[in-house]
Amino acid sequence: MTSLYLANLAEHQRTFEKLAALDADVARAGSLIAQCLAKGGKLLSCGNGGSAADSQHIASELTGRFIKERKPLAAISLTTDSSALTCIGNDYSFDEVFARQVRALGRAGDVLIAISTSGNSANVRRAVDDARALGMPVIGLLGRDGGAIKPLSDVAIVVPSDATARIQEAHILIIHTLCGLIEQELKLV
């Protein structure tokens, strides 16, 4: 009998073997973010649950540091302000918690990373709609078939798996790669 760990490892390896196909999309996303930051723009990110943690992860790697000491880069996770989340959720609806923040903080030329393992999170989708209306490019960091967010994304990075845990594991690899590409393109390392 195979242990749960070995079964998960095998599923992880099968998923990661498919990720080479995402190379061009990841490179385009890294370049898009780097160009935005080079022009004085900012990166906004959002997601729910584990994707909220991933949203915070990329923002912290950019405002802090990823590999080497460098200047901080403008990145905001829209998942971190509990007062804004609860106020907006209470006064409007949970579907609006990211969209209202995009409208308040986003500007044309800024970039939104919309993280959703299903590609169908209603509140992330609304943030995408509002970002597009503001003239913000959207990077979809998605799973499964990309869902409703895929066709709305300027760059859709879709992890080809139906297992949420495997998608999230791949998202961390992609996030770390994006941070490295941004530092590389901006010649910060």
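This is a short chat about the fold, the cores and one loop residue of a predicted model.

Reader: How many helices and strands does the chain have?

Author: The chain of this predicted model has seven helices and five strands.

Reader: And in what order do the elements run from the N terminus on?

Author: They go α-α-β-α-β-α-α-β-α-β-β-α.

Reader: What about overall size, say the radius of gyration?

Author: The chain has 16 Å, and a compact globule with 189 residues would have a value near 16 Å, so the two agree. Along the principal axes, the C-alpha atoms fill a box of roughly 55 × 40 × 30 Å.

Reader: What percentage of the residues is buried?

Author: Buried residues are 47% of the 189 in the chain. The accessible surface is about 8800 Å², and carbon and sulfur atoms account for 53% of that.

Reader: OK, the inside then. Which residues touch the most other members of the largest nonpolar core?

Author: Ile 113 and Ile 157 do, in a core of 31 residues.

Reader: Which elements give two or more residues to this core?

Author: Three are helices, namely H2 (23-38), H3 (50-63) and H7 (164-185), and the others are strands S3 (111-116), S4 (138-143) and S5 (155-159). H7 gives the largest share, seven residues.

Reader: Back to Ile 113. What does Ile 113 touch?

Author: Leaving out residues up to four places away in sequence, Ile 113 touches Ile 33, Leu 43, Leu 44, Ser 45, Cys 46, Ile 58, Ile 139, Leu 141 and Leu 178.

Reader: Which residues are in the other core?

Author: Another core, of 21 residues, lies apart from the largest one, and its residues include Leu 44, Ile 88, Leu 112 and Val 158.

Reader: What share of the contacts joins residues at least 24 apart?

Author: It is 70%, counted among contacts between residues at least 6 apart in sequence.

Reader: New topic. Where is Pro 151 found?

Author: Pro 151 sits in the loop between S4 and S5.

Reader: Is Pro 151 buried or exposed?

Author: Pro 151 counts as exposed, because its relative accessibility is 66% and the cut-off for exposed is over 50%.

Reader: How far apart are Pro 151 and Gly 140 in space?

Author: Their C-alpha atoms are 9.2 Å apart, with the two residues eleven apart in sequence.

Reader: Last one, charges. How far apart are the mean positions of the positive and negative charges?

Author: They are 4 Å apart, for 19 positive and 20 negative charges.

Conventions
Residues are numbered from 1 along each chain as its sequence is written. This is a predicted model: local features need pLDDT of at least 70, side-chain atom pairs count only at pLDDT 80 or more; totals for chains, interfaces and linings use all residues. Side-chain values use heavy atoms; hydrogens and water are left out. Helices (H or I, at least four residues) and strands (E, at least two) are DSSP runs, numbered from the N terminus. The radius of gyration is taken over C-alpha atoms; the globule rule is 2.2 Å times the number of residues to the power 0.38. Buried means under 20% relative accessible area, exposed over 50%, partly exposed in between (1.4 Å probe, protein chains only). Contact means heavy atoms within 4.5 Å. Accessible areas come from the Shrake-Rupley method with a 1.4 Å probe; for residues, only the protein chains shown count as cover. Lys and Arg count as positive and Asp and Glu as negative; His and the chain ends are not counted. The place of a charge is taken as NZ of Lys, CZ of Arg, CG of Asp or CD of Glu. A nonpolar core is a set of buried Ala, Val, Leu, Ile, Met, Phe, Trp, Tyr and Cys residues joined through side-chain atoms within 4.5 Å.
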